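Me: Can you walk me through how the helices pack in this one? I'd like to know what touches what.

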Amino acid sequence: MQVKINIDGGSRGNPGPGAAAYVICSMDGKILSQEGHFMPHCTNNQAEYTALKLALIKAKELGATELFIQSDSQLLVKQYLGEYKIKHPDLAARMAVIRRLAAGFIIHIEHVLRHLNKAPDALANKAMDAKQSVGFNPIVCLPPEEAPLPPDALGNTVNGVEVSPVVRPHTPAAQPGRKSAKPKKPVLHQPDLFGEL
C-alpha cells in the first residue's frame, strides 16, 4: 500500500517544550492518521527526527509498504539521504533507530517549503498549546505521558478532521506488598522513543 506522509516538529525555546507531528494520507488524499506528539523538552531537530520515527511506526501499523514523505526540514532530509553528515551524537543515534524502522519500506523523501507542509505544523502547534498529544487514529501502543486535558480544553479540528487527546493503553503499577498475577497475554508497549526496538 502506498501512502503520502507529511512530517514536522518544533520546539518553543529550542530546547524547550515541543511537539512532533505527522499526517498520513492515502494516495487519493484521504487522511488515514494524524497526530501531534507532545514532547516536554526537546530541540527543533529532535522534534523533527521524532516526527519521522513516529510516522514510520504508524505507517507500519497501517500496513503501508511504500512511503512518499515530505518535510520542511532540509537538514533532516539531507541527513536521511546521506547528503549531509550527522555530527551531533544524539541525532546520529536517533537516525540509526530511524534507519532500522525504515528498512521494511520503499521510501521517497523530499524537502518542501513550509507553506506546503501546513497540516503537520498545525498539529505540532496544537500539541504544544495543549501541552499534550492530540490525534486522529494515533499510534496504538505508545505509553501515555500525561493525563489528557478535558475535552472542552481543545478546539479540535485540524486539516478538516477532528482530533482528540491521545490516551494510550498502559499496565497499572503493582501495589507494594501484593503479588501481581501474571497476565494471560503480554501487554504490548511501544519502546521508549529512541530506545532499543
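Reply: Sure. When I say residues meet, I mean contact, that is, heavy atoms within 4.5 Å. Keep in mind that this is a predicted model.

Me: OK, which residues in helix 1 meet helix 2, and which do they meet there?

Reply: From helix 1 you have Asn 45, Glu 48, Tyr 49 and Leu 52, and on the helix 2 side Leu 75, Leu 76, Gln 79 and Tyr 80. By class, that contact has five nonpolar, two polar and one charged residues.

Me: And at what angle do helix 1 and helix 2 pack?

Reply: About 60°, with the axes 10 Å apart; helix 1 covers residues 44-62 and helix 2 residues 74-81. That angle makes helix 1 oblique to helix 2.

Me: Is that crossing left-handed or right-handed?

Reply: Helix 1 and helix 2 cross in a right-handed way.

Me: Switching to helix 3: how far apart are its axis and that of helix 1?

Reply: They're 9 Å apart, and helix 3 (residues 89-102) packs on helix 1 at about 15°. Angles under 35 degrees count as roughly parallel, so helix 1 and helix 3 are roughly parallel to each other. Their crossing is left-handed.

Me: Which residues meet there?

Reply: Helix 1 brings Asn 45, Gln 46, Tyr 49, Thr 50, Leu 52, Lys 53, Leu 56 and Ile 57. Across from them in helix 3 are Asp 90, Leu 91, Arg 94, Met 95, Val 97, Ile 98, Leu 101 and Ala 102.

Me: How do those divide into nonpolar, polar and charged?

Reply: The contact of helix 1 with helix 3 has ten nonpolar, three polar and three charged residues.

Definitions and conventions:
Residues are numbered from 1 along each chain as its sequence is written. This is a predicted model: local features need pLDDT of at least 70, side-chain atom pairs count only at pLDDT 80 or more; totals for chains, interfaces and linings use all residues. Side-chain values use heavy atoms; hydrogens and water are left out. Axes are lines fitted to C-alpha atoms, for helices over the stretch in contact, and angles run from 0 to 180 degrees between N-to-C directions. Helices (H or I, at least four residues) and strands (E, at least two) are DSSP runs, numbered from the N terminus. Angles under 35 degrees count as roughly parallel, over 145 as roughly antiparallel, 65 to 115 as roughly perpendicular and the rest as oblique. A crossing is left-handed if the near helix is turned anticlockwise from the far one by less than a right angle, and right-handed if clockwise. Ala, Val, Leu, Ile, Met, Phe, Trp, Tyr, Cys and Pro count as nonpolar, Asp, Glu, Lys and Arg as charged, and the others, Gly among them, as polar.
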